[in-house]
Structures are given as structure tokens and as C-alpha cells.
Amino acid sequence: MSLSAIDWLDATGRVSAADASWVCQKADAALGVLLGAGVGPSSVAVRVVGDGEMAAAHQKHLGLDSTTDVLTFDLGSSVTEPRCVQADIIVCLDEATRQATARGHGVREELLLYIIHGMLHCLGHDDHDDDAFARMHAEEDRVLSAIGV
């Protein structure tokens, strides 16, 4: 995959250029791991927002009055050959900061996890019951390990 597969927009202005570059490079590598052979053209637009914008998006799209970590909008991904991810992903920097602090790792790693989580949703994974949750999170761990995180 090339860096052009990930389009990054930090609406908060709080993510350093170095961290944004790292997240985009790792997300692009993760996309390569997820798609494997038979890769079609992929495009993932990532928008980084704060709690206020995320809460508004959560209300608008899911009817829920709260912030959340990630919202994914699949724009035509394919799990068949050629596999591809076409998505808009909104990630919440404030939630990532809270979770990274609680889990003892960096915010950029948490943002990357949210992006991978969104890409997995586009490839048919879900986390709505305990078994699916466990499978999805095991796949997240596999991808993170494969890209050296």
C-alpha cells in the first residue's frame, strides 16, 4: 500500500505532524496486512475530532447522545477479490486520550487502533456480541503485531 491510501484531517489541530505521519504510515501498513493478496484500490479518509463534534455525529448518525471512540462509514468496501476498503472514519481525540491514559500507552497508538477497528468493520467484522467482540479484538491484536505496534 502507499501512503496515499490514508487521507488524514485533524479538525482539532492538536495532533502533532510527527504523530499524524506515524499513524498514517502504520494505518497504511495495517491496510496491507488486512487486505493481503488481491488488493484493490483503497481509500480511507480519517477525520480527527473532539468530544463535541463526535457527540454531534453520534447523535446524527446513530441517535445516541454521547461521544464515542470511532464512527465508520463504509463507502463501498469489498471482501471479495479484489479486496478493498473505501471508508470515512471519524476518530475522537478526547476519547483516545482518556483510553490511552487508562491503558498506559500513547494517544497515537489508540488512534491507530480506532482506525484499524473501523477498517475491520468495513471488511465484515462486528463486535455486537461477546464472541464477535473477542474475534474482532484478536484480529486487531494480530494486525498491530504484524505492523510492529
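This report walks through a predicted model of a protein, from its overall build down to a few single residues.

## The big picture

Let's start with the parts list. The protein has five helices and four strands. Reading from the N terminus, the order is β-α-β-α-β-β-α-α-α. With a radius of gyration of 14 Å, close to the 15 Å that the globule rule gives for 149 residues, the protein is as compact as a globular protein of that length. If you drew a box around the C-alpha atoms along the principal axes, it would be roughly 40 × 35 × 25 Å.

How does the chain connect to itself? Take the contacts between residues at least 6 apart in sequence: 63% of them join residues at least 24 apart.

## How confident is the model?

The mean pLDDT of the protein is 93, and 97% of its residues reach 70 or more. Among the elements, helix H1 (residues 17-35) comes out lowest, with a mean of 95. Helix H3 (residues 93-103) comes out highest, at 98.

## Inside, outside and charge

Of the 149 residues, 43% count as buried. The accessible surface comes to about 7,200 Å², and carbon and sulfur atoms account for 52% of that.

As for charge, the protein carries 10 positive and 23 negative charges. The mean positions of these two sets are 4 Å apart.

## A cis bond, then helix H3

Now for the stretch between strand E3 (70-74) and strand E4 (86-92), a loop where you'll find Pro-82. The peptide bond leading from Glu-81 to Pro-82 is cis, with omega near -10°. That's worth a second look, because most peptide bonds are trans.

Next comes a look at H3. Which residues of H3 are buried? They are Leu-93, Asp-94, Glu-95, Ala-96 and Ala-100. In general, residues three or four places apart in an α-helix point the same way, because there are 3.6 residues a turn. The cover over the buried residues of H3 includes strand E2 (43-49), helix H2 (51-62), E4 and H4. H3 is followed by Gly-104, which has a positive phi near 75°.

## Helices H4 and H5

Is His-117, in helix H4 (residues 107-122), buried or exposed? His-117 counts as buried because its relative accessibility is 11%, under the 20% cut-off. Leaving out residues up to four places away in sequence, His-117 touches Val-70, Asp-127, Met-136, His-137 and Glu-140.

Between H4 and helix H5 (130-146) there is a loop, and Gly-124 sits in it. Gly-124 has a relative accessibility of 63%, so it counts as exposed. Its C-alpha atom is separated by 9.8 Å from that of Met-136, a residue 12 places away along the chain.

Over in H5 itself, Glu-139 is a residue to click on. At 17% relative accessibility, Glu-139 counts as buried. Which residues is Glu-139 in contact with, leaving aside its neighbours within four places in sequence? Those contacts are Leu-34, Leu-120 and His-125.

Methods. Residues numbered from 1 in each chain as written. Predicted model: local features only at pLDDT ≥ 70, side-chain atom pairs only at ≥ 80, totals over all residues. Heavy atoms only, no water. Helix = DSSP H or I, 4+ residues; strand = E, 2+ residues; numbered from the N terminus. Rg over C-alpha atoms; globule rule 2.2 N^0.38 Å. Buried < 20%, exposed > 50% of the residue type's maximum accessible area, 1.4 Å probe, protein only. Contact = heavy atoms within 4.5 Å. Areas by Shrake-Rupley, 256 points an atom, 1.4 Å probe, with all protein chains shown as cover. Lys, Arg positive; Asp, Glu negative; His and termini not counted. Charge placed at Lys NZ, Arg CZ, Asp CG, Glu CD. pLDDT = per-residue confidence, 0-100.
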